[in-house]
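Subject: Structure handover, with notes

Hi,

Here is the structure I promised to pass on. Have a look at it first, then read my notes underneath.

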Amino acid sequence: MQNVKLNCGIDMPIIGYGVYMVDPSVTERCVLDALSVGYRSLDTAQYYENEAMVGAAVRKSGVPRDEVFITSKLCQSRPTYAQAKENVKGSLRRMRLDYLDLMLIHWPMGNDGDIWAAFEDLVKEGYLRSIGVSNFYPGQFEKLVREASMIPAVNQIETHVFYQQRPMISKMADAGTVVESWGPLAEGLNGIFTNPVLTEVGAAHGKTAAQVALRFLTQQGIIVIPKSVHKERMIQNLDTLDFDLSQDEMAAIRCLDTGHNLEGWPSDALKYNPETVV
Ligand code: NAD
């Protein structure tokens with residue numbers, strides 16, 4: 001598996017397995033399948049209510065803990081520093097883990113400076129190996145970084161062929177923060193799996209439209225965490241690093257960018273609202 005080097009010096013697999021909307025009753029089975037076909041990075045969140053099943057699957061799989069990169073995300077409105085620390089320890093208790101490889105603030109929570117200070121101390125105390133943010137756009141990101149000692153290792157944001165996030169990618173590169181794509185398959189929307197450009201490019205490489213959509217991102221160094229509950233699709237999504245898209249193919253796919261996220265928000269609305277907090 002190809003890794004991406006994070007700014008704190010640790011390696012993160014460029015492809016992981018995401019479990020958003022994976023029902024808690026099937027999460028353990030799905031994560032076991034994902035580990036059995038070769039995934040070594042898992043993305044969960046407090047909000048998904050399946051952290052415990054992810055931890056259980058890792059233990060049951062027999063894969064050594066230090067060979068799996070595990071991410072979760074904090075979701076608590078305006079916690080104090082002490083509450084944020086306790087919150088992260090709650091994730092560890094639910095997952096029955098001693099440490100997480102990456103903890104993210106799931107979206108701007110209103111007092112992100114306090115959360116971030118708690119995250120930084122949890123890194124120093126050995127509970128977290130790396131820390132980052134999710135759904136942070138420039139104003140929110142810059143505000144956090146102004147008060148931070150550690151720069152976020154990743155910013156996990158909606159990124160796919162229909163919403164390519166070029167301005168964010170260059171801003172994050174300037175900051176030394178890796179972009180991690182959520183919804184790398186556009187959550188299956190917009191006809192992505194039968195898109196004519198992706199299908200035609202895929203035919204030239206013996207790959208599906210889904211595989212081309214993922215390769216378009218990883219070829220730019222973007223981390224992807226596609227979700228599927230089907231083992232054969234998990235395999236397909238992992239089998240995407242053995243071909244390269246040509247410059248012409250990348251250019252053709254760049255034309256699919258709508259400049260809108262899946263909810264129809266134009267990138268400008270998300271990009272330039274400096275003090276937006278929820
Ligand atoms: P996704 O883009 O991974 O698409 C998932 C959909 O595509 C599912 O319907 C699945 O059945 C289908 N699919 C997957 N592989 C396929 C294949 N090879 N062929 C055909 N269909 C296929 O959407 P997602 O789950 O929303 O995003 C991936 C992960 O990102 C999530 O599981 C979660 O871990 C993370 N996420 C994070 C946030 C955030 O706010 N940070 C938001 C959404 C998702």
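Below are my notes on the ligand site, the sheet and a few single residues.

One caveat before the details: this is a predicted model.

**The ligand site**

Let's start with the ligand, since that is probably where you'll look first. There are 26 residues around it, and the ones that come nearest are D43, S134, Q156, L185 and E187. Sorted by class, that shell is made up of 11 nonpolar, 10 polar and 5 charged residues. Which element gives the most to the shell? That is helix α9, residues 231-238, with 3 residues.

Three side chains put a polar atom close to a nitrogen of the ligand. For S134 the distance is 2.8 Å, for N237 it is 2.9 Å, and for Q236 it is 3.1 Å. As for the ligand's surface, it exposes 830 Å² when taken alone, and the protein buries 88% of that.

**The sheet**

Next, the strands. The model has an open sheet of 8 strands, with parallel pairing, in the order β3-β4-β5-β6-β7-β8-β9-β10. At the edges sit β3 (17-18) and β10 (223-224), each of which pairs on one side only. In general, strands of a sheet pair through backbone hydrogen bonds, and they can do so parallel or antiparallel.

Two of the pairings are worth a click:

- β6 (residues 102-105) runs parallel to β7 and is joined to it by 3 bridges; L104 stands opposite G132 there.
- β9 (residues 178-182) runs parallel to β10, with 2 bridges between them; E180 stands opposite I223 in β10.

Is strand β7 covered on one face or on both? Both: in this strand (residues 131-134), I131 and V133 are buried on one side, and G132 and S134 are buried on the other. That fits the general rule that side chains in a regular strand alternate between the two faces of the sheet. Note that S134 turns up here as well as among the residues that come nearest to the ligand.

**Three residues to click on**

H106 lies in the loop between β6 and α4. With a relative accessible area of 7%, H106 falls under the 20% cut-off and so counts as buried. What does H106 touch, leaving aside neighbours within four places in sequence? Its contacts are A45, Y47, Y48, K73, L74, S134 and N135, so S134 comes up once more.T177 is in the loop between α6 (166-175) and β9. Buried or exposed? T177 is buried, because its relative accessible area of 5% is under 20%. Its side chain reaches the backbone oxygen of P152 at 2.7 Å. P152 is also on the list of residues that T177 touches beyond four places in sequence, together with F141, I151, A153, V154, N155 and M172.

D121 belongs to helix α4 (residues 112-124). At 22% relative accessibility, D121 is partly exposed, because that value lies between the 20% and 50% cut-offs. Apart from neighbours within four places in sequence, D121 is in contact with Y81 and K85. Along the chain, D121 and W107 are 14 residues apart, and their C-alpha atoms are separated by 20 Å.

That's it from me. Shout if anything is unclear.

Cheers

Note on methods: Residues are numbered from 1 along each chain as its sequence is written. This is a predicted model: local features need pLDDT of at least 70, side-chain atom pairs count only at pLDDT 80 or more; totals for chains, interfaces and linings use all residues. Side-chain values use heavy atoms; hydrogens and water are left out. A residue is near a molecule or strand if one of its heavy atoms lies within 4 Å of it. A polar contact is a pair of N or O atoms within 3.5 Å; within protein, one must be able to donate a hydrogen and the other to accept it, and residues adjacent in sequence count only if both atoms are side-chain atoms. Accessible areas come from the Shrake-Rupley method with a 1.4 Å probe; for residues, only the protein chains shown count as cover. Helices (H or I, at least four residues) and strands (E, at least two) are DSSP runs, numbered from the N terminus. Ala, Val, Leu, Ile, Met, Phe, Trp, Tyr, Cys and Pro count as nonpolar, Asp, Glu, Lys and Arg as charged, and the others, Gly among them, as polar. Two strands pair if DSSP finds at least two bridges between them. Buried means under 20% relative accessible area, exposed over 50%, partly exposed in between (1.4 Å probe, protein chains only). Contact means heavy atoms within 4.5 Å.
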